[in-house]
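Visitor: I would like to go through this model with a few specific questions. Please show the structure before we begin.

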Amino acid sequence: MNMFQRVLLVDPGTGFYKIKKYSFERYFGPVDLGIHLTEEYRSLNFGVGIFAGSILPGSNRLIVTGFSPCWQGHYISSMGGAGLVFDNLGVNMLSLVGKAPVPSVLCLNRNHGEEIEVEVVPLDVAAVWNSGRSGVYALTDRVYAMFGERYASDPRILVTGPAALETDMGGIMSVPISKGKISPVDTWAGRGGFGSAMLQKHGIVAIIYGGTLVDEDFRDKKVADAWFQNKYNQHLLQKDLEVTGKYRYDEKLKTGGTFGVNYTAVGGKILAFNYRTIFWSEAERLDLHQKLVVDHYLKQFNAETIQAKQQATCGEPCVAVCKKMNGEYKKDFEPYQTLGPLCGIFDQRAAEKLNRRCDAMGFDAVSAGGVLAWLMDLLDVKLLSPEELGVTRLPRWEMAGFDVVKDSLHNAELGCELITAILERRGILDLREGVRKWSRIHSRIKGTALHDRLVYTAFTRRGWMVPNQYWVSGVLSPMAIMGKYYMIYSYDFIPPRTLGRMCAERMKKELILDNLGTCRFHRGWAEEMLPEIVGELYGCKEQFLRGIAVLASRINSRNSPIFWESERNIDYLQTFLKRKQEVEQESDPRLAEWLVKFDQDKHEAARDFWYQILMGIDESLREFF
């Protein structure tokens, strides 16, 4: 196996390209090499790990790195399965280093070991987005129709939508193609707005790639089984089945996937109506969870998806079959949470309508859901009017007499109107430079801080990120990269400085996975075993782990967090702490001390809590020589 990585650098403005080699002495994967290329070329990078195409489960993620227009800093996003076809190009990474003069499709092909074919083809993308299945789905169809016949085996297509042109939160979508048939199982590199970067900074609306090159991938099942037998007294497949049980089917809960497991277990920690439930009593939250989620939203999912066994993979062979489907609709927890209960939607038909519209337009669903819930909140309290936001209705958010079907549909239709208003810049909406800047401008006009009702982490002057959908303190941590799982999202009370240290350690673990292009759903063995396998195959385990520590330190050296600007962020933390004491009877005296501080001055207490998390992070991610 070669001890270097091959990078294809393409200038979409000229069509010129070249291949550069980078040694393992400094770079081991798509994250550390991608960050280097971003700093050198201001590029957008798509790469796979050294185990892509191998026998190791989950090793075929496509890792995207670059400067995030949304976060306004280095960011890492990933997409399931898309690395399997990319591996057939015979390179480890594609790096876009220029900009096409008009929206274009980038075509990459490599047949039978010949030189890679690179072509940049202009496309009237606005017309395509408005045709056929619309948005990203129409663009996928058009690109495949235009170029599919060039490929000797099924290619993969990465596409953007209108959100990439009009906002900073456009994602990148892709679907597997099998035997010429386009799958309904969409996969996303959503977080960070890399679709916006791909189109706005590089002029590329879609990338189609494929090839027939067969390289030296690790495929020895007997050797792999011997490693796992020594470590776990189980074969590789047995261990992988064990650690991916949640994503496939949980026998105890009688459900599966992130949607089924999380909604079954969330109980009184439910987040709904733009986080207003954090102010409710536990009894009120439990009542909502039982009546609207368990007895309807979750019940529909279990009947239609779990019992019907509608499940699939992201495009690579995998026992997790984590893609829980209902026809063309994929049911993941976080999109169906932000574009579900967070927006006042508790019915699958309504949630499917809004999720499909959001996906078709190419938004990162978690970011878009947080923004839509916030705008609905502003409408509901009359801080903004329907005319100002270019919509025709107000949300129905009253729990008294809430009709789970009709009112959910009403709120979903309002969400669809808001998506159109954002894309067409109706009323006062213009989110091209992000919601923080937009809110800052209009808060001055209104004389009230509109963003006080938006839950988000802030970075530098303009960066923002809707957090992961768990009512825990860790999702608001001042880490250098947020919105991913580079932090602790435990429901336990963790003192802030300890929380910072734990987030730093979690980041290192996640970087092991991302820098080797491996899905975190396999983390139950992958975090532990992959460095061992690097050592077995390449003889550089310690060098690899040292590289991860340096990488984490390097990312943290550019950390520019901003203390929570939103009042609701502070309330989010304070109510989490209160619930730990009052509902879960947490007796840790340090929790009681923090609650006294919050009662005396919640803003000062929040600032102290935030800084202590940051101290724990910084002292853990310093680079020692």
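Visitor: Is Asp588 buried or exposed, and what is its relative accessible area?
Guide: This is a predicted model, and the values are computed from it. Buried means under 20% relative accessible area. Asp588 falls under that limit and counts as buried, its relative accessible area being 14%.

Visitor: Which side chain meets Asp588 in a salt bridge?
Guide: The N to O distance in this salt bridge is 2.8 Å. The partner counts as partly exposed, at 42% relative accessibility, whereas Asp588 is buried. The side chain that meets Asp588 is that of Arg590.

Visitor: Which residues are joined into one network by salt bridges that share partners?
Guide: A search of the whole structure finds 43 salt bridges. One of them is formed by Asp377 and Arg276, and both of these residues are buried. Bridges with shared partners join this pair with others into one network, whose members are Arg276, Asp377, Asp380, Arg453 and Arg568.

Visitor: How many residues apart in sequence are the parts that Asp377 and Arg276 tie together?
Guide: The closest N and O atoms of Asp377 and Arg276 are 2.6 Å apart. Asp377 lies in helix α14 (residues 365–380), while Arg276 lies in the loop between α10 (257–265) and α11 (282–306), so the parts tied together are apart in sequence by 101 residues.

Visitor: Which residue forms a salt bridge with Arg349?
Guide: Arg349 is in helix α13 (residues 348–360), and its partner is in helix α11, 45 residues apart. Arg349 counts as partly exposed, at 37% relative accessibility. The closest N and O atoms are 2.9 Å apart, and the partner is Glu304.

Visitor: Which residues of strand β9 lie on each side of the strand?
Guide: In a regular strand the side chains alternate between the two faces of the sheet. Strand β9 (residues 156–159) has both faces covered, and its four listed residues are all buried. One side holds Arg156 and Leu158, and the other holds Ile157 and Val159.

Visitor: What is the bridge partner of Ile157 in β14?
Guide: β9 and strand β14 (residues 204–211) run antiparallel and are joined by four bridges. Three bridges join β9 to strand β10 (residues 172–175), also antiparallel, and there Leu158 stands opposite Ser174. On the β14 side, the partner of Ile157 is Ile208.

Visitor: Which element gives the largest share of the lining of the second largest cavity?
Guide: The structure holds three cavities of 30 Å³ or more, and the second largest contains about 50 Å³ of space. Its lining has 13 residues, with Thr457, Ala458, Ser477, Pro478 and Ile562 nearest the centre. The elements giving two or more residues are β18 (457–459) and β20 (561–562). The largest share, three residues, comes from β18.

Visitor: How many nonpolar, polar and charged residues line the second largest cavity?
Guide: Among the lining residues nearest the centre are Ala458 and Ile562, which stand opposite each other in β18 and β20. By class, the lining has no charged residues, two polar and 11 nonpolar.

Visitor: Which strands stand at the edges of the sheet that contains β18?
Guide: Three strands form this open, antiparallel sheet in the order β19-β18-β20. Two bridges join β18 to β20. Each edge strand has a single partner strand, so one side of each is left without a neighbour in the sheet; these are β19 (463–465) and β20.

Key
Residues are numbered from 1 along each chain as its sequence is written. This is a predicted model: local features need pLDDT of at least 70, side-chain atom pairs count only at pLDDT 80 or more; totals for chains, interfaces and linings use all residues. Side-chain values use heavy atoms; hydrogens and water are left out. A salt bridge is a side-chain nitrogen of Lys or Arg within 4 Å of a carboxyl oxygen of Asp or Glu. Buried means under 20% relative accessible area, exposed over 50%, partly exposed in between (1.4 Å probe, protein chains only). Two strands pair if DSSP finds at least two bridges between them. On a 1 Å grid over the protein atoms alone, a cavity is a set of points where a 1.4 Å probe fits but cannot get out, and a pocket is an open set with protein on both sides within 12 Å along at least five of seven lines; lining residues have an atom within 4 Å of a point. Grid points are joined across faces, edges and corners, and a volume is the space filled by probe spheres set on the points. Ala, Val, Leu, Ile, Met, Phe, Trp, Tyr, Cys and Pro count as nonpolar, Asp, Glu, Lys and Arg as charged, and the others, Gly among them, as polar.
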